[in-house]
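Visitor: Can you walk me through this one? I'd like to start with the open space and then move on to the packing.

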Amino acid sequence: MRETIKCRLTAAAAAGVAAVAGFAASAHAADPVKDYPLRPVRIVSGYTAGGSTDFLFRVLAPKLTDRLGQPFIIDYRPGGSGTIGANLVAKATPDGHTLLSMSGAFTAHAGSVPTSYDAVKDFEWITTIVSYPFVLTARNDLPAKSAADLVALLKKNPGKLNYGSVGVGSVFHLAAELFNAMAGTDSTHIPYKGGNEALTDMIGGRIDYMFMTLTGASALIRTNRIRGIAICSKERSPQMPELPPVSQVLPGYDVNSFAGIGATGRTPRAVVAKLNREIHAVMATAEVTKLFTEAGGDMYPQSPEATTRHIAGEIDKWRRVVKERRIEVK
């Protein structure tokens, strides 16, 4: 009898311990910050592998894996000027396990054409990572050595000068049209399928000028294959401090590309905040800072709120340019 009672008490105690443990586990699992991530995290890229933005995430992903204990995997979903990948993230479960790698091309596209998602409201923007200064360049024999010279030359020859870009609606195209809009000038757009073809034609004198990332232009400027006229950020770049800003001639002119990361809209704020902290911690390491700077970027960590404002501002800027310059993006 005593053994039976003892067994019953032991079973009851075990059941009680199991119930407490189950309750504790349930309570623990409900903490989105402490438990995140619960499984592998996809970083969706709307473009093919390669390029400066992809390089950043190939550096970040294994570092985040080490810090957070779950694999961070880059998932390439190219097509539709990045909209296939963006749409996938916009419609994913909002738990932080599906993220979007994003660049200036994302905001240029959102400012140029209607999309199936709202580029601000359908995402929780986590942080910007780096900023890439743009630079105004020209063929070496163009009779313009400054932004003021180019404005004067364009006004003297309305519609006669041409500029190249990597396609209609690209940041490279919109940067030139923002310049025209602010200067009150006109020039002819020559779109190319890729930057190398446009560069070859500018070096060969077949196009007059072009807006480029400083990363892509610096070596060509330093070897005198093309002329650097002005930097497109508000202040001089430490990478090429000899170039004055376009804004000295056109106050308020500011064009940079950038890379950043976002999650699906309505992802818990605590998860977004945790990702922001962890990404910034990785960015602050000497190794990553060196890699990103050598790749031509300026470190650009921001809060989720500042990142959202930045993206909304970029989209609004390009939307105004598209409307004012009557640009048709197909």
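Guide: Sure. This is a predicted model. The largest pocket is lined by 44 residues. Y47, S103, A105, V166 and F172 lie nearest its centre.

Visitor: What volume does the largest pocket have?

Guide: The volume of the largest pocket is about 1,200 Å³.

Visitor: Which helix gives the largest share of that lining?

Guide: Helix α5, residues 104–112, gives the largest share, with 5 residues.

Visitor: And how does the lining of the largest pocket divide by class?

Guide: The lining has 23 polar and 18 nonpolar residues, plus 3 charged ones.

Visitor: OK, next pocket. How much space lies in the second largest pocket?

Guide: About 350 Å³. The second largest pocket is lined by 19 residues. Closest to its centre are S131, S233, D254, N256 and Y300.

Visitor: Which elements each supply at least two residues there?

Guide: Three elements are listed: β4 (123–138), β9 (256–264) and α12 (304–324). Each of them supplies at least two residues of the lining of the second largest pocket.

Visitor: What's the class split for the second largest pocket?

Guide: Its lining has 7 charged, 7 polar and 5 nonpolar residues.

Visitor: Switching to enclosed space. How many cavities of 30 Å³ or more are there?

Guide: The count comes to 1 cavity of 30 Å³ or more. About 70 Å³ of space lies in the largest cavity.

Visitor: Which residues line the largest cavity?

Guide: From the start of the chain onward, the lining includes G46, Y47, S81, G82, T83 and A86. L100, S101, M102, S103, F106 and Y117 also line the largest cavity. Two elements, α4 (83–90) and β3 (98–103), give two or more residues each.

Visitor: Which element gives the most?

Guide: Strand β3 does, with 4 residues.

Visitor: Any charge in there, or none? What are the class counts for the largest cavity?

Guide: No charged residues. The lining of the largest cavity divides into 6 nonpolar and 6 polar. Two residues turn up in both linings: Y47 and S103 line the largest cavity, and both also lie among the residues nearest the centre of the largest pocket.

Visitor: On to helix packing. At what angle do α3 and α10 pack?

Guide: About 115°. Helix α3 spans residues 52–68, helix α10 spans residues 269–283, and their axes are 10 Å apart. The crossing of α3 past α10 is right-handed.

Visitor: Which residues meet there?

Guide: On the α3 side, L60, K63, L64, R67 and L68. On the α10 side, K274, E278, I279, A281, V282 and M283. By class, that contact of α3 with α10 has 7 nonpolar residues, 4 charged and no polar.

Visitor: What about α3 and α11, at what angle do they pack?

Guide: About 170°, with the axes 10 Å apart. Helix α11 covers residues 286–294. That angle is why α3 counts as roughly antiparallel to α11.

Visitor: Which residues make the contact between α3 and α11?

Guide: F55, L56, V59, L60 and K63 of α3 touch E287, V288, L291 and F292 of α11. The split is 7 nonpolar, 2 charged and no polar. L60 and K63 also belong to the α3 residues that meet α10.

Visitor: Now α7 and α12. At roughly what angle do their axes cross?

Guide: Roughly 65°, and the axes come within 10 Å. Helix α7 runs over residues 171–183. The angle makes α7 roughly perpendicular to α12.

Visitor: Is the crossing of α7 past α12 left-handed or right-handed?

Guide: Left-handed. From α7, the contact uses V171, L174, A175, E177, L178 and A181. From α12, K317, W318, V321, V322 and E324 take part. That contact has 8 nonpolar residues, 3 charged and no polar.

Visitor: Last topic, the backbone. Which peptide bond is cis?

Guide: The bond from Y36 to P37 is cis, with omega near -5°. P37 sits in the loop between α2 (32–35) and β1 (41–45).

Visitor: And what is the phi of N224?

Guide: N224 has a positive phi of about 60°, although it is not a glycine. N224 is in the loop between α9 (214–222) and β8 (227–231).

How values were computed: Residues are numbered from 1 along each chain as its sequence is written. This is a predicted model: local features need pLDDT of at least 70, side-chain atom pairs count only at pLDDT 80 or more; totals for chains, interfaces and linings use all residues. Side-chain values use heavy atoms; hydrogens and water are left out. Axes are lines fitted to C-alpha atoms, for helices over the stretch in contact, and angles run from 0 to 180 degrees between N-to-C directions. A crossing is left-handed if the near helix is turned anticlockwise from the far one by less than a right angle, and right-handed if clockwise. Contact means heavy atoms within 4.5 Å. Ala, Val, Leu, Ile, Met, Phe, Trp, Tyr, Cys and Pro count as nonpolar, Asp, Glu, Lys and Arg as charged, and the others, Gly among them, as polar. On a 1 Å grid over the protein atoms alone, a cavity is a set of points where a 1.4 Å probe fits but cannot get out, and a pocket is an open set with protein on both sides within 12 Å along at least five of seven lines; lining residues have an atom within 4 Å of a point. Grid points are joined across faces, edges and corners, and a volume is the space filled by probe spheres set on the points. Angles under 35 degrees count as roughly parallel, over 145 as roughly antiparallel, 65 to 115 as roughly perpendicular and the rest as oblique.
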